[in-house]
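Here are some worked exercises to try with the model open next to you. Have a go at each task before you read the solution.

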Amino acid sequence: MPQLRRGCVSLIALESVDVQLGGVSVLQGVSLNIRRGEIVTVVGPNGSGKSTLLRVMIGAVKPTSGRVVRAEGLRIGYVPQKLHIDPTLPITVTRFLSLPRPVSAVRARDALHRAGVPDLGGRQMAQLSGGQFQRVLLARALLDAPDLLLLDEATQGLDQPGSAAFYRQIEDVRRDLGCSVVMVSHELHVVMSASDRVICLNGHICCEGHPEVVASAPEYRALFGTGTKGALALYRHEHGHLHDHTHDHGHESGAEHSHHISDDDGAGQ
Amino acid sequence: MILDSFLVRAALAGVGVGLAAAPLGCFVVWRRMAYFGDATAHAAILGIALSIAFSLPVFLGALIVALAMAVTVSLLSDRGFAMDTLLGVLAHSALAFGLVAASFLSGVRLDLMAYLFGDILAVSRGDLAVIWGGAVLVLGLLTWRWSALLMATLNADLAQASGIDPRREQLVLTLALACVVAVSIKVVGVLLIAAMLVVPAAAARPLARTPEAMALIAAVIGAASALGGLLASYRFDTPTGPTMVCVAALCFALTALAGGRR
């Protein structure tokens, strides 16, 4: 049963990871497991530690306690939240792709093609539009044929058709390359449909599960609201009852929901 | 002739500083660290005062204090201080403390003007060896770490994901900066070192399409400004260090105009 076995292989696992940045506790006791080929979306309010979680995965932030276990030889492609290239730095797209290690023209063209921008190779990075820039970053992340693609609010600053097209591109990439994808996003309605699993983060993991499970649960409405199709869903839910919290969350929905929404496949093992 | 030889020594010193400072200056410009260069250079005057007080070689004292300042700024910036304000405070207070420290030394022992604005015509063979040693070291360091430095400059997290430690690359630049500051004191003085870093790099920008081209063009402009400034100062009897910076500034004006018209 190679298929099943392949599906069970864990690429990266976080075990009870705590992170403190500048004396502030950003992540508390986060444990999660990314399996081969799955698309996982991380949602949560501003300052909930979403970006820090990804930076822990790439190794840019060391956990204060707990540990990160990576599969041997794991190749990570990372698309950062935003990348400002100073206009004083002249650099073409092709040269940008060849950093820090030179890549062949064929590989660069192939990566640009996969990212949906085959003709941009000779352009200056500083002259690209927001959408083109994000696709070039995606192409860069795809160069090494990654096992795991990490996207940190990769569509920030894109309009709705632009971000929808970007996520369709991600699905194509996942289908073609078979890589796992972990993405952080505010655009819940767009990414929910494409995700195998949704993780709700607010310093700790509040809940997680298949999007269908989440979506059919009454808790989902408490989480993301109902009448917000096409608009940014509000993050309002009660989750103080299992944890020692002092922060003040909105309670308007009045819906209490249980944490760790059941996931039939045993996600999070 | 003696005249020829001091001019030749001055020319060689100027070219050495121009070649080393300008490519490093590209990183200073790309990373928006212009004030960082100022703070490091201004700290050197304190190093000069201390090394004269303790009868150490001026170059060594300047290098150590410049390095200490550069490392301090790097560490503080990691802690998330507001860089703009922090560097403004450090750059000017380093200069002020240096000048106060210098005032404790007797005037005979310290020609302050020479250290503030450089004294390129008094460059000795020993100075020349130090300048070119430093220049070769800095250029070697930049060439060796080029791709990693560039990657860390583009984005720290992206560099990390590619297996490059951005803090290490920051340290390489910090070392190179302290080294350039220490060897440039004799040529342009602490007040104008930052100009030899930033102005040729800025002048090269409109002419370049790749980072490598910008560094090379900046080096050429830096060396040419040093030579042109030396000749102009000899002809018009003007202070040499400031004249070099004037020539570099004219290059900047020319390329900016040409680039804007294109």
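Which residues does B:Asn155 touch, not counting residues up to four places away in sequence? B:Asn155 touches A:Pro80, A:Lys82 and A:Leu83, where contact means heavy atoms within 4.5 Å.

Some ground rules first. This is a predicted model, where local features need pLDDT of at least 70 and side-chain atom pairs count only at pLDDT 80 or more, while totals for chains, interfaces and linings use all residues. Residues are numbered from 1 along each chain as its sequence is written, chains are lettered from A and ligands numbered from 1 in the order in which they are written, and side-chain values use heavy atoms, leaving out hydrogens and water.

**Exercise 1. Place B:Asn155 and find the backbone nitrogens by its side chain.**

Step 1: Locate B:Asn155 in the loop between α7 (146-154) and α8 (156-161) of chain B. Helices (H or I, at least four residues) and strands (E, at least two) are DSSP runs, numbered from the N terminus.

Step 2: Check accessibility. B:Asn155 has a relative accessible area of 14%, so it is buried (buried means under 20% relative accessible area, exposed over 50%, partly exposed in between, with a 1.4 Å probe and protein chains only).

Step 3: Look at the side chain. A polar atom of the B:Asn155 side chain lies 3.1 Å from the backbone nitrogen of B:Asp157, and one lies 2.8 Å from the backbone nitrogen of B:Leu158.

**Exercise 2. Work out how α7(B) and α9(B) are oriented.**

Step 1: Take the axes. Those of α7(B) and helix α9 (residues 166-188) of chain B come within 9 Å and cross at roughly 110 degrees. Axes are lines fitted to C-alpha atoms, for helices over the stretch in contact, with angles from 0 to 180 degrees between N-to-C directions.

Step 2: Classify the angle. The two helices are therefore roughly perpendicular (under 35 degrees counts as roughly parallel, over 145 as roughly antiparallel, 65 to 115 as roughly perpendicular and the rest as oblique).

Step 3: List the contact. B:Ala148, B:Leu149 and B:Ala152 of α7(B) meet B:Pro166, B:Glu169, B:Val172 and B:Leu173 of α9(B).

**Exercise 3. Do the same for α10(B) and α11(B).**

Step 1: The axes of helix α10 (residues 193-204) and helix α11 (residues 211-236), both of chain B, come within 8 Å and cross at roughly 120 degrees.

Step 2: α10(B) and α11(B) are therefore oblique to each other.

Step 3: From α10(B), B:Met196, B:Pro200, B:Ala201, B:Ala203 and B:Ala204 meet B:Met214, B:Ile217, B:Ala218, B:Ile221 and B:Gly222 in α11(B).

**Exercise 4. Is A:Leu112 buried or exposed, and what about B:Leu231?**

Step 1: A:Leu112 sits in helix α4 (residues 105-114) of chain A. Its relative accessible area is 3%, so A:Leu112 is buried.

Step 2: The residues that A:Leu112 touches, not counting residues up to four places away in sequence, include A:Val93, A:Leu97 and A:Val136. A:Val93 is 19 residues from A:Leu112 along the chain, with 9.4 Å between their C-alpha atoms.

Step 3: B:Leu231 is in helix α11 of chain B, and at 60% relative accessibility B:Leu231 counts as exposed. Between B:Leu231 and B:Ala215, 16 residues apart in sequence, the C-alpha to C-alpha distance is 24 Å.

Terms used. A polar contact is a pair of N or O atoms within 3.5 Å; within protein, one must be able to donate a hydrogen and the other to accept it, and residues adjacent in sequence count only if both atoms are side-chain atoms.
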